[in-house]
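Walk me through this model, from its overall make-up down to single residues. I would like the geometric cut-offs stated along the way.

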Amino acid sequence: MFPLGASVAVAALERDPHPLLAQLRAREPVSWVPALGGWLVTRRDIVARMLRDPQTFTVADPRFSTARVVGPSMLSLDGPEHKRHRDPFAAALRGADSGAQLAAFTAAAAAQLVAAIAPAGRGELRREVAGPLAVAVIAQLLGLGQAEPRLILSWYEAIAGAVSAMAAQDGPPASTSVPGSPARADPGAEAFGMLRASLEAAMAGSDGRPLLAQVAAGGALSTGEVVSNAAVLMFGGIETTEGMICNAMLHLLSHPDQAAALIADPELAAGAIEESLRLEPAAAVVDRYATADVTVGAAAIRRGDLVTLSLAAANRDPAFFADPDRFDVRRPEARLHLAFARGPHFCIGAQLARLEARAAILAVLDQLPGLRLDPAGRPEPRGLVFRKPPELLLRWDAGQARWLARLAAPVRPPGSTAWPGPASSR
């Protein structure tokens with residue numbers, strides 16, 4: 001019934017999925033893929049429709065691994081409970097004053113991270129700029145600025161590792177205990193406990209970082225629920241933002257004419273970011289679970305089936321994007337991409353991620369003259385769910401960068417403590 005889906009290997013989806021996704025989109029847009037244990041949806045109109053239909057295709061399923069590690073949150077709930085968890089954070093993130101302060105912090109942090117590596121003439125963007133910037137901004141947002149950045153990163157990695165390990169297990173969770181309780185035995189429990197203690201302190205603080213305090217003061221969420229949602233924001237704020245920055249720089253440096261156009265007109269940065277999100281979303285797929293039997297085209301989806309929505313495939317659908325495999329910073333329809341999803345689970349941090357990507361791209365292009373890909377590197381994105389280059393090795397003209405650096409005074413982000421320097425590693 002679905003011969004192409006039956007032939008799909010996970011390794012192909014991790015390495016270079018786009019040719020295979022194009023075949024699936026044309027021949028089996030909703031295909032049963034045994035390697036994934038569920039349905040894979042690749043056509044943009046169907047993906048968008050399912051994203052907007054949480055009644056039929058839900059995240060609220062006991063197999064949702066993130067909820068089993070950090071507890072129920074806006075990421076793992078639907079309906080009124082999802083709204084109760086999401087709305088307080090959405091309102092706090094819309095605050096104009098905090099937004100302006102965070103923008104200033106982000107621009108300054110990006111500039112200083114790039115300045116730190118400029119004299120070397122070569123560097124690795126993911127570990128030296130993109131990752132440290134993502135950690136710094138999420139720490140500032142959540143009020144964790146007093147914590148050692150590498151400690152925050154270790155919490156993130158331990159919790160993310162626990163989520164990945166749990167996702168690889170078969171069957172529903174054996175326990176539904178509260179995150180951090182003695183009954184839990186997952187590898188991320190200790191890290192989650194430390195993160196929770198720091199977040200609870202931030203909730204009670206009055207040090208100019210009001211987001212968590214504002215959410216807690218609203219009274220709609222318990223302390224544990226605030227913590228669970230903050231942990232989810234941390235996941236998105238580090239993993240996908242880091243990938244978004246690296247993918248955008250890779251696209252620009254792989255297309256020198258497009259990079260030159262952006263350098264000549266920095267206003268094209270927004271278009272470059274949207275186009276990169278379209279071509280290589282940092283989160284390539286999202287999972288849903290069918291709540292009822294439903295037929296979509298030739299696919300008879302049964303209640304309880306896993307339905308994996310390929311944002312990567314939807315973003316290259318030729319029915320919506322002319323010449324869909326081409327990178328064009330001036331593409332007028334680029335914002336039709338689904339990289340931030342649609343419907344009730346549209347990424348709550350989308351604007352912040354765009355802000356970080358813009359700050360990083362402009363800082364790199366401004367401070368590293370003669371920027372180019374290092375021929376010794378292998379920058380191709382990898383990953384089934386989260387896609388980014390494992391490393392992004394770059395070279396630039398160090399002598400000119402040092403000369404330019406002497407023209408600028410050192411910058412320290414307003415109200416900041418510290419952020420991870422270029423030595424951070426993963």
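**Charges, rings and what surrounds them**

The charged end of Arg-278 sits over the ring of Phe-321, 5.1 Å from its centre. A charge counts as over a ring if NZ of Lys or CZ of Arg is within 6 Å of the ring centre and within 35 degrees of the ring normal. Arg-44 also lies over a ring face, that of Phe-320, at 4.6 Å from the ring centre.

This is a predicted model, in which local features need pLDDT of at least 70 and side-chain atom pairs count only at pLDDT 80 or more, while totals for chains, interfaces and linings use all residues. Residues are numbered from 1 along each chain as its sequence is written, and side-chain values use heavy atoms, with hydrogens and water left out.

Now the overall make-up. The chain has 17 helices and 10 strands. Helices (H or I, at least four residues) and strands (E, at least two) are DSSP runs, numbered from the N terminus. Of the 426 residues in the chain, 55% are buried. Buried means under 20% relative accessible area, exposed means over 50%, and partly exposed lies in between (1.4 Å probe, protein chains only). Contact means heavy atoms within 4.5 Å. Among contacts between residues at least 6 apart in sequence, 74% join residues at least 24 apart.

Arg-44 leads to helix H4, which spans residues 44–51. Six of the eight residues of H4 are buried, so the helix is largely enclosed by the rest of the structure. The buried ones are Arg-44, Ile-46, Val-47, Ala-48, Met-50 and Leu-51. The loop between H4 and strand E3 (57–58) holds Pro-54. Pro-54 is buried, at 14% relative accessible area. Leaving aside neighbours within four places in sequence, Pro-54 is in contact with Asp-78 and Pro-344. Pro-54 and Pro-344 are 290 residues apart in sequence, yet their C-alpha atoms are 7.9 Å apart.

A second long-range link involves helix H6 (residues 79–93), where Arg-84 is placed. Arg-84 is partly exposed, with 26% relative accessibility. Beyond its neighbours within four places in sequence, Arg-84 is in contact with Ala-220, Leu-221 and Glu-225. The C-alpha atoms of Arg-84 and Leu-221 are separated by 7.6 Å, with their positions 137 residues apart along the chain.

Next, the aromatic pairs. How many does a search of the whole structure find? There are four. Rings of Phe, Tyr and Trp (its six-membered ring) pair if their centres lie within 6.5 Å; planes under 30 degrees apart count as stacked, over 60 as edge-to-face and the rest as tilted. Tyr-156 and Phe-235 have ring centres 6.2 Å apart and planes at 55 degrees, so this pair is tilted. The two rings link distant parts of the chain: Tyr-156 is in helix H9 (residues 149–167), Phe-235 is in helix H12 (residues 223–254), and they are 79 residues apart. Tyr-156 is buried at 5% relative accessible area. Phe-235 is buried too, at 12%.

Phe-340 and Phe-346 also have ring centres 6.2 Å apart, but their planes stand at 65 degrees, so the pair is edge-to-face. Phe-340 is buried, at 8% relative accessible area, whereas Phe-346 is partly exposed, at 28%. Elsewhere, Phe-2, Trp-32 and Trp-39 form one aromatic cluster.

The backbone deserves a look as well. Most residues other than glycine have a negative phi. Asp-323 has a phi near 45 degrees, a positive value. Asp-323 lies in the loop between helix H15 (311–314) and H16, and is partly exposed at 47% relative accessible area. Ala-341 has a positive phi of about 70 degrees, although not a glycine. Ala-341 is found in the loop between H15 and H16, and is buried at 6% relative accessible area.

Finally, a helix crossing. The axes of helix H14 (residues 269–279) and helix H16 (residues 350–367) come within 10 Å and cross at roughly 115 degrees. Axes are lines fitted to C-alpha atoms, for helices over the stretch in contact, and angles run from 0 to 180 degrees between N-to-C directions. The crossing of H14 and H16 is right-handed: a crossing is left-handed if the near helix is turned anticlockwise from the far one by less than a right angle, and right-handed if clockwise. Ala-269, Ala-270, Ile-273 and Glu-274 of H14 meet Arg-354, Ala-357, Arg-358, Ile-361 and Leu-362 of H16.
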